[in-house]
Structure formats: structure tokens, C-alpha cells
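Subject: Structure handover

Dear colleague,

Here is the structure I promised to pass on to you. Please open it alongside this message, since my notes follow below.

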Amino acid sequence: MQMRERIATALKSAMKEKDRERLSTLRLINAAIKDREIAMRSEGEGDGTVGDPEVLAIMGKMVKQRQESARAYEEGGRLELAEKELSEVAVIEDFLPRQLSDDEVAAAIDSAIAKLGADSIRDMGRVMGELKAQYTGQMDFSKVGPQVKDRLAS
């Protein structure tokens, strides 16, 4: 089942169960996806529909934003708002694939480097592109970038 279908099914069940928090978060996900589709149409990219890789990227970005907001709320002493952000993260993460462990990330980086025959820092973009194509939603690319750079520099 595609991501959009899974989200729509979850939205319907949240409506039936009258789960307001989950329903609210699922509507935010749908809105973000529709915003991306509108942006794609206005930019003339493809047919204006968002596929699973883009949905995963959108949801990954949403998780990161909410984690940062929760951290800021905690620092500001607004624990009730931090809890709300973290509950939204939990709902969004239900749809994301399992995050790879540090060892699995290292193995994926080594595999991508070997597959592409990358041997210098100039190949970093190709390696990152390969990793994003295979592991979108499964690893944090802001953390992976420095690891790839270190491997290619040595």
C-alpha cells in the first residue's frame, strides 16, 4: 500500500474512533503533501503528484521540525506544548520506516562508496544521492553527510 493510501486509511479510522490528536496530525500531514503538490505544479515539475520518496522526505522534515520545537518549548518551560509536539512526532513516525542503527548506516555508506567506486571528496554528491535513493526516511542525512565526507577524505 502506498503512503498516501496508508495515511488516508489512518485518517478515516481516526475519524471513526474520534481520536482528535491523531486526526489533527494526519490532517497536517495531508496538508503538507498537498502544499508540495501545489508547489510542484507551479514550478512545472512532473505531473504534480507526490510519490512515496517525497512523502517520506516531507514526513521526515515534519518530525525534525517538531523535535526542534519540543526542545525549544522544554527550554522555555512550556512542557504541555512540548508534549503535544512529541505526540505528533509519534503519529508521524508510525508511517516512517525503521531508522537504521549506527552500524547499519556505516555499512550502507561503505556499500554505496564501493558500488560507485568513489575514492575522493568530489564523489560525495554521487554517494549522498545513492544513499538518498535507497534509504530515504531511514537515516538522518544531516548526520550521514559528515560520515561520508570522513570516509572519502581518508
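I begin with one pair of helices, H5 and H7, whose crossing is right-handed. Please keep in mind throughout that this is a predicted model. The axes of helix H5 (residues 102–116) and helix H7 (residues 141–153) come within 11 Å and cross at roughly 50°, and since angles from 35 to 65 degrees fall between roughly parallel and roughly perpendicular, H5 and H7 are therefore oblique to each other. On the H5 side the contact is made by Val 105, Ala 106, Ile 109, Asp 110 and Ile 113, and on the H7 side by Val 144, Gln 147, Val 148, Arg 151 and Leu 152. Sorted by class, the residues in this contact of H5 with H7 are seven nonpolar, one polar and two charged. In reading such lists it helps to recall that an α-helix has 3.6 residues a turn, so residues three or four places apart point the same way.

As for the chain as a whole, its secondary structure comes to seven helices and zero strands, and read along the sequence it follows the pattern α-α-α-α-α-α-α. The C-alpha atoms fill a box of roughly 55 × 45 × 30 Å when taken along the principal axes. Of the 154 residues in the chain, 34% are buried, and among the contacts with a separation of 6 or more, 57% are between residues 24 or more positions apart.

Helix H2, which covers residues 20–43, is the element I looked at in most detail. At 1.5 Å a residue its 24 residues should span 34 Å, and because its end C-alpha atoms are 35 Å apart, the model agrees with that expectation. Which residues of H2 are buried? They are Arg 22, Leu 23, Thr 25, Leu 26, Ile 29, Asn 30, Ile 33, Glu 37 and Met 40, and these buried residues pack against helix H1 (3–17), helix H3 (52–75) and helix H4 (79–93).

The residues around the ends of H2 also deserve a look. In the loop between H1 and H2 lies Lys 18, whose phi is near 55°, a positive value in a residue other than glycine. Lys 18 is exposed, because its relative accessible area of 70% is over the 50% cut-off. Just after H2, Gly 44 likewise takes a positive phi, of about 75°.

The packing of H2 with H3 can be described in the manner used above for H5 and H7. The axes of H2 and H3 come within 10 Å and cross at roughly 125°, so the two helices are oblique to each other, and H2 passes H3 in a right-handed crossing. Here Leu 28, Ile 29, Ala 32, Ile 33 and Arg 36 in H2 meet Val 55, Ile 58, Met 59, Met 62 and Arg 66 in H3. By class, this contact of H2 with H3 has eight nonpolar, no polar and two charged residues. Ile 29 and Ile 33 thus appear in this contact and also in the list of buried residues of H2.

Finally, Gly 60 is found in helix H3 and is partly exposed, with a relative accessible area of 30%. Although Gly 60 and Asp 140 are 80 residues apart in sequence, they are 8.6 Å apart in space, C-alpha to C-alpha.

With best regards

Notes
Residues numbered from 1 in each chain as written. Predicted model: local features only at pLDDT ≥ 70, side-chain atom pairs only at ≥ 80, totals over all residues. Heavy atoms only, no water. Helix = DSSP H or I, 4+ residues; strand = E, 2+ residues; numbered from the N terminus. Expected span 1.5 Å × (residues − 1). Buried < 20%, exposed > 50% of the residue type's maximum accessible area, 1.4 Å probe, protein only. Contact = heavy atoms within 4.5 Å. Axes fitted to C-alpha atoms, helices over the stretch in contact; angles between N-to-C directions. Parallel < 35°, antiparallel > 145°, perpendicular 65-115°, else oblique. Left-handed = near helix turned anticlockwise from the far one by under 90°. Nonpolar A, V, L, I, M, F, W, Y, C, P; charged D, E, K, R; others polar.
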